[in-house]
Amino acid sequence: PSLGSISRGDVTYSLESGRAQRILESVVAGGHEIGLHGSFATMSDATVMTAERERLRQVTARPVRGIRQHFLRMRPGITQRAMIAAGFEYDASYGFPDRNGFRLGTANTVAGWDAERSEVSGLEEVPLVWMDRAQSKYSGNERPADWVNEGLTLAQSCREAEGLWVGLWHPNLTAALGFPGAAEEYRRLANEIVGLEPFVAPLETLVGWRRARRSVAARQVGADGTAELVASVTSEWPLELEDGLGRVIATQAWPVAA
């Protein structure tokens with residue numbers, strides 16, 4: 001960090017500081033994922049992005065598979081190619097900074113597409129569905145209950161589509177100089193989402209699961225319920241085919257021959 005980076009709201013702390021180390025250790029001890037929040041300089045510079053990813057990996061001794069650009073600042077295509085060059089597996093930057101909703105038009109992870117090269121990029125794109133600052137900062141709404149109500153409405157939409165809800169809550173909103181009632185509303189958001197009984201996991205786990213599910217196809221299904229399944233990737237979860245009532249009609253171990 002420098003006076004210039006702090007004033008821009010870019011890099012505001014040192015990864016190697018004692019306080020940052022304690023936070024990272026706590027996150028890892030809780031079984032959570034560590035991802036990179038790319039600095040402004042990473043937007044179009046693969047070299048800087050690679051250096052930041054490697055620095056985070058060394059400090060945490062953990063794999064760093066995912067990234068989200070700071071302030072969602074990116075140049076679609078250019079930034080994603082830098083992410084691929086840096087070795088990332090997924091990007092969680094596709095959200096609106098000034099509103100909530102589905103920027104990718106879906107509540108699901110999708111295979112990234114390189115329009116310039118007309119080919120699949122190899123990077124998974126994860127929709128950022130909801131962010132507190134979209135309202136508190138960009139819309140001037142200082143009522144945490146409103147932020148959470150919108151987040152829960154979007155969570156219900158994701159639920160109905162059997163999709164993925166990804167939210168972003170900034171912890172500084174609940175500090176002493178934050179918004180009154182924000183901590184209680186965050187608790188309500190978490191409790192009500194968990195009350196829907198979703199599958200909750202680190203994003204790297206969810207990305208892996210959805211990539212594996214997307215690769216599965218049934219070549220044919222017989223009248224007796226037998227099925228021939230094919231898949232292009234492997235997964236730690238059982239490969240099962242269900243009917244419309246959720247009953248398992250076929251189970252097969254990975255990998256599945258094409």
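The legends below describe close-up views of a predicted model.

**View 1. The whole chain, with eight helices and 11 strands.**
The protein has 258 residues, and 35% of them are buried. Its C-alpha atoms fill a box of roughly 70 × 40 × 40 Å along the principal axes. The radius of gyration is 20 Å. A compact globule with 258 residues would have a value near 18 Å, which agrees. Among contacts with a separation of 6 or more, 60% are between residues 24 or more positions apart.

**View 2. An open sheet of five strands.**
The strand order is 1-2-3-5-4, and the pairing is mixed. Which strands form the edges? They are strand 1 (36-38) and strand 4 (110-114), each of which pairs on one side only. Neighbouring strands are turned by 40 degrees against each other on average, direction ignored. Strands of a sheet pair through backbone hydrogen bonds, either parallel or antiparallel.

**View 3. Parallel pairing on both sides of strand 3.**
Strand 2 (residues 66-69) runs parallel to strand 3 and is joined to it by two bridges. Here Ile67 stands opposite Asp91 of strand 3. Strand 3 also pairs with strand 5, again in the parallel sense, over three bridges. Tyr94 has Pro127, in strand 5, as its bridge partner.

**View 4. The hairpin of strand 4 and strand 5.**
These two strands run antiparallel and are joined by four bridges. One bridge links Ala111 with Glu124 of strand 5. Four residues lie between the strands of the hairpin. Ser118 is found in this loop. What is unusual to look for at Ser118 is its phi, a positive value near 55 degrees in a residue other than glycine. Ser118 is exposed, because its relative accessible area is 53% and the cut-off is over 50%.

**View 5. Asp114, a buried residue of strand 4.**
Is Asp114 buried or exposed? Its relative accessibility is 8%, so Asp114 counts as buried, the limit being under 20%. The side chain of Asp114 makes a polar contact with the side chain of Arg81, at 3.1 Å. Leaving out residues up to four places away in sequence, Asp114 touches Arg81, Glu119 and Ser121.

**View 6. His37 on edge strand 1.**
His37 has a relative accessible area of 43% and is therefore partly exposed. Which residues does His37 contact, leaving aside its neighbours within four places in sequence? They are Arg68, Gln69 and His70. The side chain of His37 reaches the backbone oxygen of Arg68 at 3.3 Å. Ala51 is 14 residues from His37 in sequence, and the two C-alpha atoms are 13 Å apart in space.

**View 7. Two helices that lie across strands of the sheet.**
Helix 3 (residues 46-60) lies across strand 1 and strand 2. Helix 3 runs at about 150 degrees to strand 1. Helix 4 (residues 78-86) lies across strand 2, strand 3, strand 4 and strand 5. Its angle to strand 5 is about 100 degrees.

**View 8. Ala61, in the loop between helix 3 and strand 2.**
Ala61 is not a glycine, yet its phi is positive, about 55 degrees. Its relative accessibility is 67%, so Ala61 counts as exposed.

**View 9. Helix 8 (residues 203-214) and what covers it.**
How far apart are the end C-alpha atoms of helix 8? They are 16 Å apart. At 1.5 Å a residue, the 12 residues should span 16 Å, which agrees. Leu203, Leu206, Val207, Arg210 and Ala212 are buried in helix 8. An α-helix has 3.6 residues a turn, so residues three or four places apart point the same way. The cover over the buried residues of helix 8 includes strand 3 (90-94) and strand 5 (119-127).

Methods. Residues are numbered from 1 along each chain as its sequence is written. This is a predicted model: local features need pLDDT of at least 70, side-chain atom pairs count only at pLDDT 80 or more; totals for chains, interfaces and linings use all residues. Side-chain values use heavy atoms; hydrogens and water are left out. The expected span of a helix is 1.5 Å times one less than its number of residues. Buried means under 20% relative accessible area, exposed over 50%, partly exposed in between (1.4 Å probe, protein chains only). Contact means heavy atoms within 4.5 Å. Two strands pair if DSSP finds at least two bridges between them. Axes are lines fitted to C-alpha atoms, for helices over the stretch in contact, and angles run from 0 to 180 degrees between N-to-C directions. A polar contact is a pair of N or O atoms within 3.5 Å; within protein, one must be able to donate a hydrogen and the other to accept it, and residues adjacent in sequence count only if both atoms are side-chain atoms. The radius of gyration is taken over C-alpha atoms; the globule rule is 2.2 Å times the number of residues to the power 0.38.
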